[in-house]
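Visitor: I am new to this structure and would like to learn how to read it. Could you show me around?

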Amino acid sequence: MLELGLITAPAQLDVQIGTLHLLDRVEWDLSSPLTPELFALTLVRDLSLSSSASPLIAHALHEELFRQKKLCLERSEEHTSELQSPIR
């Protein structure tokens, strides 16, 4: 089995929850079995927020992780095309 090691992505959370504006930054392990939903449930419990905040946080985290993965793939494609360019 191939072990890839730790691959993390910064995730910026910016969520409006009623009158509360939640701003947070986490380093997300992309290979972790932890889901945004479970993370959100734990965060809501730890901060004593309303349970209605959990889906808002999970959705924001899903969007941020998607954006980070897309950026990573785009950078990888750019790097690959640079490597394949003929030397002048």
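Guide: Gladly! Let's begin with a term we will need: a residue is buried under 20% relative accessible area, exposed over 50%, and partly exposed in between. Arg25, at 47% relative accessibility, therefore counts as partly exposed. Please keep in mind that this is a predicted model.

Visitor: What is the mean pLDDT of the chain?

Guide: First, the general idea: where pLDDT is low, the predicted coordinates should not be read in detail. Here the chain has a mean pLDDT of 85, with 81% of its residues reaching 70 or more. Confidence is highest in helix 1, at 97, and lowest in helix 2 (residues 53-84), at a mean of 82.

Visitor: How many helices and strands are there in the chain?

Guide: The chain has 2 helices and 2 strands. Following the sequence, you meet them in the pattern β-β-α-α. Of the chain's 88 residues, 25% count as buried.

Visitor: Which residues form salt bridges with Arg25 and with Arg67?

Guide: The general idea is that side chains of opposite charge can pair when their charged atoms come close. This structure holds 3 salt bridges. Arg25 pairs with Glu27, and their closest N and O atoms are 3.1 Å apart. Glu27 is partly exposed, because its relative accessible area is 45%. Arg67 meets Glu64 in a salt bridge, at 2.8 Å from N to O. Both of these residues lie in helix 2, 3 residues apart, which is about one turn of the helix. Arg67 has 39% relative accessibility, so this residue counts as partly exposed, whereas Glu64, at 9%, counts as buried. There is also a salt bridge between Asp46 and Arg45, at 3.6 Å from N to O, and both of those residues are exposed.

Visitor: Which residues does Gln12 touch, leaving out those up to four places away in sequence?

Guide: Gln12 touches Asp24, Arg25 and Glu64, so you have already met two of its partners in the salt bridges of Arg25 and Glu64. Gln12 itself lies in strand 1 (residues 8-17). Its C-alpha is 6.6 Å from that of Val26, although the two residues are 14 apart in sequence.

Visitor: Is Gln68 buried or exposed?

Guide: Gln68 counts as buried, because its relative accessibility is 14%. This residue is in helix 2, and its side chain reaches the backbone oxygen of Pro10 at 3.3 Å. Beyond residues up to four places away in sequence, Gln68 touches Ala9 and Pro10.

Visitor: And where is Ser54?

Guide: Ser54 is also placed in helix 2. With a relative accessible area of 8%, this serine is buried. Setting aside neighbours within four places in sequence, its contacts are Glu37, Ala40, Leu41 and Val44.

Visitor: What do Leu34, Leu38 and Leu41 form on the surface?

Guide: They form a nonpolar patch, with about 260 Å² of accessible area together. Leu41, which you just met as a contact of Ser54, lies in helix 1 (residues 36-46). For the chain, the exposed area is about 6800 Å², and carbon and sulfur atoms supply 59% of it.

Visitor: One last stop, please: what is phi of Ser48 near?

Guide: As a general idea, most residues other than glycine have a negative phi. Phi of Ser48 is near 55°, a positive value in a residue other than glycine. You will find Ser48 in the loop between helix 1 and helix 2, where this residue is exposed, with a relative accessible area of 66%.

Technical notes. Residues are numbered from 1 along each chain as its sequence is written. This is a predicted model: local features need pLDDT of at least 70, side-chain atom pairs count only at pLDDT 80 or more; totals for chains, interfaces and linings use all residues. Side-chain values use heavy atoms; hydrogens and water are left out. Patches are made of residues with over 30% relative accessible area and no salt bridge: like charges are joined within 9 Å, nonpolar side chains (Val, Leu, Ile, Met, Phe, Trp, Tyr) within 5 Å. Accessible areas come from the Shrake-Rupley method with a 1.4 Å probe; for residues, only the protein chains shown count as cover. A salt bridge is a side-chain nitrogen of Lys or Arg within 4 Å of a carboxyl oxygen of Asp or Glu. Helices (H or I, at least four residues) and strands (E, at least two) are DSSP runs, numbered from the N terminus. pLDDT is the predictor's confidence in each residue, from 0 to 100. Buried means under 20% relative accessible area, exposed over 50%, partly exposed in between (1.4 Å probe, protein chains only). A polar contact is a pair of N or O atoms within 3.5 Å; within protein, one must be able to donate a hydrogen and the other to accept it, and residues adjacent in sequence count only if both atoms are side-chain atoms. Contact means heavy atoms within 4.5 Å.
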